[in-house]
Structures are given as structure tokens and as C-alpha cells.
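Please open the model in your viewer and keep the sequence panel beside it. We will go from one selection to the next, and at each stop you will read what is there.

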Amino acid sequence: MLARFWGVTGTVSLPTPATGSSMPAGNTTCLGLEWPGRTVVYDAGTGFIRFGEYLLDLMAQGHEESRSIDLIMSHCHLDHINGLLFSPLTYDKRVRITLRACPATLSALHKLLDPSSSSCRTFLPSTFPDMVAIKEMVTVEPGSSFNLGDARVETMALRHPGGSLGFRVSLGGVSMVLASDNEHPGPGVDPALARFSEGAQVLYTEGQYTRREYDGLDAIGNGLPMPRKGWGHSTMEDCVATATAAGCQRLFLGHHDPLRPLDKLEALGIAMKDLAGRNGPLVEMAREGQAIHLG
Ligand SMILES: [Zn+2]
Ligand SMILES: [Zn+2]
């Protein structure tokens, strides 16, 4: 299984940093999982537009007349769907997207995009009938499991305003957990996420803040310090504790705060790696464009 990180920034995308800026360029959440005969995409933030370029290029090289994609979605916040709304892939009749999400996410998408909904066209001119690549929408109840080809996919409800769905994709004896967005129930290990991630080779999750930022003691970038409890995001330190408790081999932290300068992000990556120590997972700040092999 090959995982590609098409977008790992949280909240808003900053695709083109201002000249001289120390801000990182970054697309919002979209990860790809590939194995022979299957292309799975997790979330459709602006990284989905990069993924679309990659896929259409592959199709052109292989002279493919059609291509099926499985899109698994955590939730419907704008930073996780805006790539789906604006990628040319979504409007390409050669592409067949099966979209799987929890009932709340599907209901929200219908309100936004179903022409029979009273709020459709409030925010967007295009609607589901225009999005010809979306061939099927499948409801996934939190806690349920399903198969994608040879892979088994388990799900769990995460803690996030409006809800969010975590996925564990297992294939050939290796597992990758995808858990964004999620706020831990308190300082330290998130017991539910640790159980769900037990023994997974890779945990991709979000640690948007440090503990001090979350508690309102430190600012991010040039902003004011402010408490962030209840905003639906976790601290890096708690993610390290959770991945350690789960026995994961590698931890990737994503959903980077878009206001955090790149040099600070790199320094925090080193600090979190040190925090995990020898008995914890190998910790990395997820980088856009990164690809990792599992198994
Ligand atoms: Zn988000
Ligand atoms: Zn969210």
C-alpha cells in the first residue's frame, strides 16, 4: 500500500506564500492510498485538486477510458470538501467516484448540492447533476466496517464539532489509521483513538496546536494567544502519547495551522520526535507531496 499526502494543511489553503513570507505553502486535507487495482482518497480538501492532476495524467499516460476512485470522507467542513467542489476531476465523466461518509456528512452535502434542497446554490453555482464523476454515495455508520477490494476498512466517531469519522485501512497485515479532525477528551492519551489505532503501522492524525497554544498561553504566528478548547483539534503532545499507547510504528502529524511559520513547524517536529523517545513511534510532521510505503 502506498500513501501519498496531497494536502496536510488545516483550515485554509495557502498555495502561494507571499514573497519573503515564512508561511508554508499548503493545500488542505487530502491523502491518497493506492494498491494494485484500487485508488482510495481520504478527504477532498484543496489537495484533491493536486490529486486530480495526478490521476488525469495517469489516465492519459495509460490511455485509460475510465477510472474508479473510492473517496472516504471524515466530515463536511469546508477545508475537507473544497477540492471536491472545484477540481476538474469532479466534472469529468470518465471518472467514477464512490463517496463514502457518515449520515451527517452526506446530509450536509445534499443540502449544499442537491437541486431539490432549499439552500442549494446559496454558496455554489454548481450542483450534484453537474458533478458527473460522483456516481454513488454510500452511508457509513460510525463504528461500522466495509471492504474496499482486498482491504478492510474500520471506522470510529471522532470528537469534533459536527462530528468526524476516522478510518483504519488494513491490507496484507499492515494498517494505516486516518484520524482528522479530532479533539482529545483531555490531556494525555485519547483512549478511544488509542484502542482504534492499536498495532497500526502508521497513524496519521492532527495535532494542530501545542499544549501551550491550546491552553491559550502561546500565540501562533503573529496572532494573540487564545484558548482553543472546544475548537475540535488536538495537541501534538497528546497525539504522541496516544500513538505511543497504541504501539504505532510511525506517527504523522497533519492539519498544520496555516499561521504557523515553516521554521517553527520544523522545530516542533524535532521536539515531538524527542518527546516520543526510543519507546514511542517515529514522529514526523506530514509534508505535502510526501509518499510512504506500508508493508
Ligand atoms: Zn479541518
Ligand atoms: Zn473540521
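**A guided tour**

Begin by selecting Arg 4, which stands opposite Gly 32 in strand 2, where strands (E, at least two residues) and helices (H or I, at least four) are DSSP runs numbered from the N terminus. This is a predicted model, in which local features need pLDDT of at least 70 and side-chain atom pairs count only at pLDDT 80 or more, while totals for chains, interfaces and linings use all residues. Residues are numbered from 1 along each chain as its sequence is written, and chains are lettered from A and ligands numbered from 1 in the order in which they are written.

**The paired strands**

Widen the selection to strand 1 and strand 2, which pair in the antiparallel sense over five bridges; two strands are said to pair if DSSP finds at least two bridges between them. Keep Gly 32 selected and look to strand 3, where the bridge partner of Gly 32 is Val 41. Strand 2 and strand 3 are also antiparallel, and five bridges join them. In the hairpin that these two strands form, two residues lie between the strands, and Gly 37 takes a positive phi near 85°.

**Helix 1**

Next, select residues 47–61, which make up helix 1. This helix of 15 residues reaches 21 Å from its first C-alpha to its last, close to the 21 Å expected at 1.5 Å a residue, the expected span being 1.5 Å times one less than the number of residues. Which residues of helix 1 are buried? They are Gly 47, Phe 48, Ile 49, Arg 50, Phe 51, Gly 52 and Leu 55, and a residue is called buried if 20 or more other C-beta atoms, placed from the backbone, lie within 10 Å of its own (exposed if 12 or fewer, partly exposed in between). Show strand 1 (2–7), strand 2 (30–35), strand 3 (38–42), strand 4 (67–72) and helix 2 (78–86) as well, for the buried residues of helix 1 pack against these elements. Just after helix 1, stop at His 63, which takes a positive phi of about 50°.

**The two domains**

Now colour domain 1 (1–13 + 27–140) and domain 2 (173–289) separately; their bounds come from an automatic or database domain assignment. Across the boundary, 16 residues of domain 1 are in contact with 17 residues of domain 2, contact being counted when two C-beta atoms, placed from the backbone, lie within 7 Å. On the side of domain 1 that touches domain 2, strand 1 gives the most, with three residues. The C-alpha centres of the two domains lie 25 Å apart.

**Val 140 and its surroundings**

Select Val 140, whose place is in the loop between strand 6 (134–139) and strand 7 (145–148). Why does Val 140 count as buried? Val 140 is buried because 21 other C-beta atoms lie within 10 Å. Leaving aside neighbours within four places in sequence, you can select its contacts in turn: Arg 100, Ala 101, Cys 102, Phe 146, Thr 155 and Leu 165. A distance drawn from Val 140 to Met 156 gives 10 Å, C-alpha to C-alpha, for two residues that are 16 apart in sequence.

**The whole protein**

Finally, zoom out until the whole protein is in view, with its seven helices and 14 strands. Along its principal axes the C-alpha trace spans about 50 × 45 × 35 Å, and 45% of the 295 residues count as buried.
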